[in-house]
Protein chains: 2
Amino acid sequence: MTAPQPNYLIFSNEGVSGVAWKNRALKRSVIAYLDVSDSCTVMDISRELNISVPKAASLVSELVQDNLIRDYGKIDSTGGRKANVYGLVNDACYFIGVDVKKYYVNIGLLDFKKHLLSIRENVPFQLENTPGSLRALTDIIRRFISDFSELESRILGVGINLSGRVNHVTGYSYSFFHFQEEPLSRIIQQEIGIPTFLENDSRSMAYGEFMNGVVKNERNVLFINIDFGLGMGILIDGNLYYGKSGFSGELGHIPFFQNEKICHCGKRGCLETETSGIALLEEIKERIRGGSSSILGQKNRDVDRIRLEDVIEAARKQDTLVIEVLAELGDKLGKAIAILINIFNPELVVLGGKVSETGEHIRLPIRSALNKYTLGLVNNDTQLKLSRLGERAGVMGACLIARGKVLSAAH
Amino acid sequence: MTAPQPNYLIFSNEGVSGVAWKNRALKRSVIAYLDVSDSCTVMDISRELNISVPKAASLVSELVQDNLIRDYGKIDSTGGRKANVYGLVNDACYFIGVDVKKYYVNIGLLDFKKHLLSIRENVPFQLENTPGSLRALTDIIRRFISDFSELESRILGVGINLSGRVNHVTGYSYSFFHFQEEPLSRIIQQEIGIPTFLENDSRSMAYGEFMNGVVKNERNVLFINIDFGLGMGILIDGNLYYGKSGFSGELGHIPFFQNEKICHCGKRGCLETETSGIALLEEIKERIRGGSSSILGQKNRDVDRIRLEDVIEAARKQDTLVIEVLAELGDKLGKAIAILINIFNPELVVLGGKVSETGEHIRLPIRSALNKYTLGLVNNDTQLKLSRLGERAGVMGACLIARGKVLSAAH
DNA sequence: GATTATTAATAAATATTTTTAATAAGTTTG
DNA sequence: CAAACTTATTAAAAATATTTATTAATAATC
């Protein structure tokens, strides 16, 4: 006997109205509630959704029938008859997340209970603005899906992270693969046959870290993505903030310095020109050429071939030059984050992206800059933490964004 | 025969559950819908709230009985039988807004349909951190209420704006009147006998401008309050953004300059030290002392006694010195707003506060700074407008915040 | 260890809501 | 200008949800 197939209809409102519509909405609310509370009783649902106990019981029994939730036994007593607790069925459905980087792709599979079941990292790929590159990407995704053919019918969504400007509602990407009328998300969806959602990489990482990372109960969170460039994801009251066209969080290109460095965006004095992975790498190279001693200078005779990964590695090995440059970078970035804290009064700022893998070497200079540049009352509200998911935040976020869109029936 | 008294019970959830609770929630939804759509038919409500037509009809008829909404006749034909349209009853209830400034108070009365029925401006008052000052404030409010004694039972809320740090949830003010254990809002509420809500002045003005001012359909809006100090109100998806403790929008104290001016907050280089009413006034005085010619220098022999109002007035009279200083101020402030635009990607930035009364003299320099410092794609999304309500934004916002809190039953 | 108190789940009765159908009041068209 | 078509409102029937009462299960108490 095979397991019953879950009833995915509740994740759509098509062709229903009246009582059927309400029931679907209620069922989605139950699942949304289980999403944050992990497990609950019939009475919890009745209280939370303001419906009667019999109604809650009937919803629960239908959801069990639908194979979306399951009876997980009795709850620890509360002083009377023990209640049955219900939770999501982990293999009810799956979601795929694709984190597209410049030279490789990370891709993973998430189950209904938000566990990352499988992840494939560093799949070779060249991100270029060409149809060929796009085809290579869809091939990678298709190949990954084909490894889980027995689950394929239960993969309900694919989330894809792209750097640059992305409009998650329309599905357009403006920085990459923008060579057709149709939105990119629809093109890819046609290729792979699964509903597809696009997201900006920093926002996606922020969401991953929020839903399944270092964030606990904080609802207003800034995620600073210090990678090759500098990006930011903003969580407001637990939701990603997009702005008018989905271009929010362009931290890298705020006018911040009086310097003469021309940013690749065309402007001058962008924050990114001095506080990003590229800026870090260039500064290190510059100083090594200028004669500063570093384990990087010794190993690699050809300074030009030092990569950002090498710099991160050197920081881990306590290389004095890298630590020194990171301290300077951290002070500048800290001043920028001080601005953000004054504006957002967030509960938490998370440092993510490649450069954040240097850990306390980057966190501490930022922390002390915050003390220097923000008001006590506001600063005391704000924690500064390192990403917990690290490189995996992207895949996790992409999966979770797809999951969130499908489950909220908002597409 | 007197008009029936409205049924205010729907604005509270006390002591109700089950079907009564749901009905109150639905009725509040109907009113919330009428709040934005101004008028609607039974069918509109049925569609909007996903309830059946008979149910919508029964809610409407009860709300009419409650004297909260009224039948406003037939709608223009849509090709069949004409529908009855319903709208709010303007005199169903009232709200008071109090805008507390340093040397005076503005106070006004708003009706259910968001019309400012009465406003009393420039009521003399000294904002000091003393019990006496607080008593003077409650006296002003009480006196204002007593002028509307016939409406008193229908005044459902009082909103009060204070500058500085205010927590709207707890009702604590940290910058003023912070000399007792109890939250300030409760103290005042006990004095005047009407539910009272506290808000930060810039946020309140932002809300006023959003609900009843220059904002049309934009949902992500920044309101820049250029007064003596520099504040900001943030609207995200149509809601005020507060941050963790309600300290968001501290634009005045972001670290922005390399200058040596010590801000009253104790830090150095705050944006406010060069781009606020006080900074403007000081700069003008400085230049007049240095020999710059201006109608201000001619009229007032005693440079020290020039007030900000005089400077604004001079700008209106096309005084070259003031216009020049405003242009410089606008360039700096524009650079700061460019940062905000990169971060928020808002649909609209509204300039308010005293200095904004100089109109295009301040708007244009900011506009051109935005073109200089932001990316085209992001900048094109954002409109820059002058406040429509001007000085009245504060009172309007305070009224509307009280109204919003009461109507949403969230207190 | 039986009794009492407490909480959960279920069943029956009641109330409410939705559906479906019918009627009313318009517009458009031949 | 009447017939056909729309749309709104009301009425009656059917479906659904809530209330209330009952039963079940467990913990605390005596």
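## A tour from Ser118(B) to the DNA

Start by selecting Ser118(B): leaving aside residues up to four places away in sequence, Ser118(B) touches Ile107(B), Gly108(B), Leu109(B), Phe144(B) and Phe148(B). Keep in mind as you click around that this is a predicted model. Now colour residues 116-124 of chain B, and you have strand S5, where Ser118(B) lies. Is Ser118(B) buried or exposed? Its relative accessible area is 18%, and buried means under 20%, so Ser118(B) counts as buried.

**Next stop: Gly394(A)**

Hop over to chain A and pick out helix H13, residues 393-407, which is where you'll find Gly394(A). This glycine is buried too, with a relative accessible area of 0%. Which residues does Gly394(A) touch, not counting those up to four places away in sequence? Show Asp99(A), Asn161(A), Ser204(A) and Met205(A) to see them. Then add Ile107(A): its C-alpha atom is 9.1 Å from that of Gly394(A), though the two residues are 287 residues apart along the chain.

**Zoom out: the domains of chain A**

Give each domain of chain A its own colour: 8-88 for domain 1, 94-206 + 400-407 for domain 2, and 216-387 for domain 3. Focus on domains 1 and 2 of chain A, whose C-alpha centres lie 31 Å apart. Where they meet, domain 1 puts eight residues into the contact and domain 2 puts in nine. About 830 Å² is buried between these two domains, and carbon and sulfur atoms give 60% of that area.

**Last stop: DNA strand C**

Select DNA strand C and the 24 residues around it; those that come nearest are Lys22(A), Met43(A), Asn84(A), Ser52(B) and Lys55(B). What kinds of residues make up this surface? Eight are nonpolar, eleven polar and five charged.

Now try some distances:

- From an N or O atom in the side chain of Lys55(B) to a phosphate oxygen of DNA strand C, you get 2.6 Å.
- A backbone N or O atom of Val19(A) is 2.9 Å from a phosphate oxygen of the strand.
- For Arg81(B), go to a base instead: a side-chain N or O atom sits 3.2 Å from a base nitrogen.

To see which elements give two or more residues to this surface, highlight helices H1 (18-37) and H2 (42-49) in chain A, plus H1 (18-37) and H3 (53-65) in chain B. H1(A) gives the most, with three residues. Finally, look at the DNA side: of the atoms of strand C within 4 Å of the protein, 73% belong to sugar or phosphate, and the rest belong to bases.

Conventions. Residues are numbered from 1 along each chain as its sequence is written. Chains are lettered from A and ligands numbered from 1 in the order in which they are written. This is a predicted model: local features need pLDDT of at least 70, side-chain atom pairs count only at pLDDT 80 or more; totals for chains, interfaces and linings use all residues. Side-chain values use heavy atoms; hydrogens and water are left out. A residue is near a molecule or strand if one of its heavy atoms lies within 4 Å of it. A polar contact is a pair of N or O atoms within 3.5 Å; within protein, one must be able to donate a hydrogen and the other to accept it, and residues adjacent in sequence count only if both atoms are side-chain atoms. Helices (H or I, at least four residues) and strands (E, at least two) are DSSP runs, numbered from the N terminus. Ala, Val, Leu, Ile, Met, Phe, Trp, Tyr, Cys and Pro count as nonpolar, Asp, Glu, Lys and Arg as charged, and the others, Gly among them, as polar. Buried means under 20% relative accessible area, exposed over 50%, partly exposed in between (1.4 Å probe, protein chains only). Contact means heavy atoms within 4.5 Å. Domain bounds come from an automatic or database domain assignment. Buried area is the accessible area (1.4 Å probe) that two parts lose on being put together, summed over both.
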